[in-house]
Amino acid sequence: LQGNSGLKPKEGEWTSKPWEWPINYKGQWFSTGEEKRIYLLGNPVIWWGNLIFMGAFLLTMAYLHFQEQRGKVVADGSEQSSVRSRYMNAGCWLFLGWCLHYIPFYTMGRVLYYHHYFPALLFSCMLSAVIIDFLIREICSRLPGQASGVLFHSVVGFILSVSAYSFYLFSPLAYGMSGEHHARDGPNSTLYSLYWMNSWEF
């Protein structure tokens, strides 16, 4: 462990800092060959969506706690109360897992890379799924039966469609980019439309 904590970057290595990971601030080159270039970058729709839904989870937890303190939400053992409690308990464990797999990196003196965030990313993705399902079901429970079903399937279908389409857009980064121009070179590059942040280096 002591040897691992003392690892330092080699000359020319692409390293990163923990604060950059959740916001997908910068990726990491895996290959810069002439024929194919591979750039490790998270799907921004997924990564930024995780941050939004993590915030939604914390706000939901705070709101339910506030309502409970005021006597508006009662843990009375009813089915709705039991379901709500299960969702929040699952969310709390997943949020704790994200914290335990992410926050310790701020205390490490060793060299850090982009992929060190991936274990924490799994927890944030699962947390997003929990809070999305919870919020959709809470809204649907207040609608008539048929409208509830339509809304549920429409929202889930939209989320899956956006996720799949964003994967399609950014897949060349993982499967290999070709051509002379980098996205940062301007409109001449076929990937210029994906150059959403100036810190991205592909």
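1. In this predicted model, Thr-60 touches Met-88, Ile-131, Phe-134 and Leu-135, once residues up to four places away in sequence are set aside. Thr-60 has its place in helix 2, and it counts as buried because its relative accessibility is 12%, where the cut-off for buried is under 20%. A polar atom of the Thr-60 side chain lies 2.7 Å from the backbone oxygen of Ala-56, so that the local picture joins a polar approach to Ala-56 with contacts to Met-88, Ile-131, Phe-134 and Leu-135.

2. As to the overall fold, the protein holds five helices and two strands, and from the N terminus on its elements run α-β-β-α-α-α-α. Among contacts in the protein with a separation of 6 or more, 69% are between residues 24 or more positions apart. Of the 202 residues in the protein, 37% are buried, while the exposed area comes to about 12,600 Å², of which carbon and sulfur atoms supply 63%.

3. The largest nonpolar core has 35 residues, and those that touch the most other members are Tyr-117, Leu-173 and Phe-202. Two or more residues of this core come from each of strand 2 (37–40), helix 2, helix 3 (79–102), helix 4 (118–140) and helix 5 (145–175). In soluble globular proteins, nonpolar side chains tend to be buried together. For Leu-173, neighbours within four places in sequence left aside, the contacts are Arg-37, Ile-38, Tyr-39, Leu-41, Leu-194 and Phe-202; Phe-202 thus appears both in this list and among the core members that touch the most others.

4. The structure holds three salt bridges. In one of them the side chains of Glu-138 and Arg-84 meet at 3.2 Å, N to O, and this pair links distant parts of the chain, with Glu-138 in helix 4 and Arg-84 in helix 3, 54 residues apart. Both Glu-138 and Arg-84 are buried; for Glu-138 this follows because its relative accessible area is 17%, against a cut-off of under 20%.

5. Glu-138 also takes part in a salt bridge with Arg-142, in which the closest N and O atoms are 3.4 Å apart. Arg-84, Glu-138 and Arg-142 are accordingly linked in a network of salt bridges. Burial varies within this network: Arg-142 is exposed, because its relative accessible area of 58% lies in the range over 50%, whereas Glu-138 and Arg-84 are both buried.

6. Arg-137 forms a salt bridge with Asp-133, with 3.0 Å between the closest N and O atoms. Both residues of this pair, Arg-137 and Asp-133, lie in helix 4, four residues apart, which is about one turn of the helix. Arg-137 is partly exposed, its relative accessible area being 44%, and Asp-133, with a value of 22%, is likewise partly exposed.

7. On the surface, Trp-19, Ile-23, Leu-51, Ile-103 and Tyr-106 make a nonpolar patch of about 460 Å². Leu-51, one of these residues, has its place in helix 2 (residues 44–69), the helix that also holds Thr-60. Leu-51 is partly exposed, because its relative accessible area is 32%, and this value satisfies the requirement that patch residues have over 30%. Helix 2 therefore carries both Leu-51, which is partly exposed at 32%, and Thr-60, which is buried at 12%.

Definitions and conventions:
Residues numbered from 1 in each chain as written. Predicted model: local features only at pLDDT ≥ 70, side-chain atom pairs only at ≥ 80, totals over all residues. Heavy atoms only, no water. Patch = residues over 30% accessible without salt bridge, like charges linked within 9 Å, V, L, I, M, F, W, Y side chains within 5 Å. Areas by Shrake-Rupley, 256 points an atom, 1.4 Å probe, with all protein chains shown as cover. Salt bridge = Lys/Arg side-chain N within 4 Å of Asp/Glu carboxyl O. Buried < 20%, exposed > 50% of the residue type's maximum accessible area, 1.4 Å probe, protein only. Core = buried A, V, L, I, M, F, W, Y, C linked by side-chain atoms within 4.5 Å. Contact = heavy atoms within 4.5 Å. Polar contact = N/O pair within 3.5 Å; in protein donor to acceptor, adjacent residues only side chain to side chain.
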